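Biologist: Could you walk me through this one? I'd like to start with the ligand and then wander through the fold.

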Amino acid sequence: MCGVVGYIGQENCAPIILNGLKKLEYRGYDSAGLAISETPDVLKIIRAEGKLSNLERIFTQEPFEGSRGLGHIRWATHGAPTEVNAHPHVAGSIVLAHNGIIENYLYLRDKLASEGREFTSATDTEVVAHLIDSELENADDLHHAVRKALSQIEGSYAFVVMSVNEPETLVVARNAAPMVLGRNENAAFAASDIPAVLEHTRKFVFLNDGDTAVLTREKTSIFDAQGLPVDRPEKLIQWDPISAEKQGYKHFMLKEIFEQPTRIIDTLRGRTDLDAGDINLNEVDLDDAFLEQVNKITIIACGTSYYSAMVGKYLIEGHARIPVEVDLASEYRYRNPIVDGKTLCIAISQSGETADTLAALREAKKLGAKTMCICNVIESTIARESDAILYTHAGPEIAVASTKASTTQLVALSMLAIWLGRRKNTMSAEDGRAWIEALRAVPTAIETILNDLDPYKDIAKQFSSAISFLYLGRGAQFPVALEGALKLKEISYIHAEGYASGEMKHGPIALIDENMPIVAIAPNDDVYEKTVSNVMEAKARQGKIIAIVEEGDDNLSRVADVVIEIPTVDQRVQPIITYVAVQLISYFIADFKGTDIDQPRNLAKSVTVE
Ligand code: AGP
């Protein structure tokens, strides 16, 4: 989705802003723009369709300088991804770049048009620029005009705005879309995400919904929704800026796949107590009184996080014996869910900004549920709005296709299942101990997989021209099948379906012929024999079987066309291991096809529209 970078300081800021936008490219976009104050009263603006490199080309042909500016990458919502619709947008003395959706923009546009204002784009953003410009006539200054405009706007926004009439100021506003502020001794920054300006500062302030801020070279002033000055705490970000770089890997996705052993150790760090067979989740603010009465858990999420939620259902129901419902966040709020004070609603989200998940979380809260999130991005909106937070500590995930965020989600869900099971007395200390040991063994098992990539490269060579793939799994491997199919679709653009193995004979079996690769996810678990029977049914119809099995498998590996061996691990952590195998299948197929793996077409990393 869109990304914004704003700067006001002492240096020539065009390179700083362009570099910041580069760090936001992962969000997904289709046009870009840059505005710089060349002199106090001259603003230079360039915009380009497509990749940031197109904008950089224009800039290099005719570079310009200035120490105040803003840049934007746009993921089209209102209006095609053309140059004219790209941000920044200009109205009178105003220049503005925006992330979000202005829901009442048509009403505002008509009103402003009736006052004689002319629009050059199809965007909702240009309306905001005009609205602020029109409010300037009766306002004390730019910040006042912004606040007057905000009182008329409905929707989500995070924007940076400047005016030629106030050369010493940048004004920022945020509501239901991410915006962070940073500052060092020379400059103030505003950005949609931390990596954009992490090389310039480690100190960040996170705005609340409804906040506005005025940035000058000397200071940052923040105001709450009522317009009153307010202090928001400064957070020190510990990440190394380099952790958001490719570090020699061909793609961010591959780097993030390889990071999983380390990130899983980070997720477990300080949270496991092997002696007690228990998990230390003191940070999770759920009191004993609530835990005693909780009678239902609803997990809400989208995409990959939704499949993690499905694995979580197996883990929590199976071991903590609390009923778990799993809902697609985009469906939850419209299905009139049954919720009361004994319901725990858990939102799972890597970004913590997914609009559907946020809306579902708010709905659950409104209906009286206790809320919790499993989230990767600290201080994200979902984290800030949940009663309790369990951070995954996967570090910045840049590739659009989620990998390390999802395996760390599974680790977090495993810890939660142990923690709940121990508190509900459904799990003995011995059982807890065995599970913790299994979790601690996961990084080594993943390393074993990562040490031999040849089978995945072979699959890519053999099957990259297939039109469609079928992924089959049973039990906790069913969500892995769904995740494998999603990952393949996202980055290779090959159609794929995930199915519960036992369900194949009820329909999709009609698709199977000698051209259909079938990824059978069949580690040695309680339902292994059943999965084998289902795969044999596919084999009997000439399907090409790619079997993900445990080392030493002497059954499915005999009939499969390609065998991927994974290490033997405790059944409870198998989905974490098989996730890695399906990630690698998609990665190498996409790499063989030469697609844009880190920024697949049409996709955005953080989906901030409903
Ligand atoms: C994962 O590969 C996808 N890009 C996508 O399905 C993602 O998981 C989904 O949009 C949810 O995002 P979130 O975890 O940030 O909420």
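Biologist: Which backbone atom of Ser402 or its like touches the ligand, and at what distance?
Modeller: In this predicted model, a polar backbone atom of Ser402 is 2.8 Å from an oxygen atom of the ligand. Gln350 also takes part, with a backbone N or O atom that lies 2.7 Å from an oxygen atom of the ligand, and for a polar backbone atom of Thr304 the distance to a ligand oxygen is 3.1 Å.

Biologist: And which residues come nearest to the ligand?
Modeller: There are 14 residues around the ligand, and those that come nearest are Ser305, Ser349, Ser351, Thr354 and Glu490.

Biologist: OK, zooming out, how is the chain divided into domains?
Modeller: The assignment gives domain 1 as 3–240, domain 2 as 252–450 and domain 3 as 454–593. Between the C-alpha centres of domain 1 and domain 3 the distance is 46 Å.

Biologist: What is the strand order in the open sheet with strand 22 in it?
Modeller: That open sheet has five strands, ordered 23-22-24-25-26, with parallel pairing. Strand 23 (495–500) and strand 26 (562–566) are the edge strands, and because each has a single partner strand, one side of each is left without a neighbour in the sheet. From one strand to the next, the twist averages 20 degrees.

Biologist: How many bridges hold strand 26 to strand 25?
Modeller: Five bridges join strand 26 to strand 25 (residues 544–550), the two running parallel, and one of the pairings puts Val549 opposite Glu565 of strand 26 as its bridge partner.

Biologist: Which strands does helix 16 lie across?
Modeller: Helix 16 (residues 477–492) lies across strand 22 (468–473), strand 23 and strand 24 (517–521), and runs at about 175 degrees to strand 23. Helix 19 (residues 574–593), in turn, lies across strands 22, 24, 25 and 26, at about 145 degrees to strand 25.

Biologist: Switching to Asn534, is that residue buried or exposed?
Modeller: Asn534, which has its place in helix 17 (residues 528–539), counts as buried because its relative accessibility is 4%, where the cut-off for buried is under 20%. Leaving aside neighbours within four places in sequence, Asn534 is in contact with Arg474, Ser501, Gly502, Met504 and Lys505.

Biologist: Last one, what joins strand 12 to strand 13?
Modeller: A hairpin does, passing through four residues. Strand 12 (residues 212–215) and strand 13 (residues 220–223) run antiparallel and are joined by four bridges, and Leu215 has Thr220 in strand 13 as its bridge partner.

Definitions and conventions: Residues numbered from 1 in each chain as written. Predicted model: local features only at pLDDT ≥ 70, side-chain atom pairs only at ≥ 80, totals over all residues. Heavy atoms only, no water. Pairing = 2+ DSSP bridges. Buried < 20%, exposed > 50% of the residue type's maximum accessible area, 1.4 Å probe, protein only. Contact = heavy atoms within 4.5 Å. Domains from an automatic or database assignment. Axes fitted to C-alpha atoms, helices over the stretch in contact; angles between N-to-C directions. Near = heavy atom within 4 Å. Polar contact = N/O pair within 3.5 Å; in protein donor to acceptor, adjacent residues only side chain to side chain.
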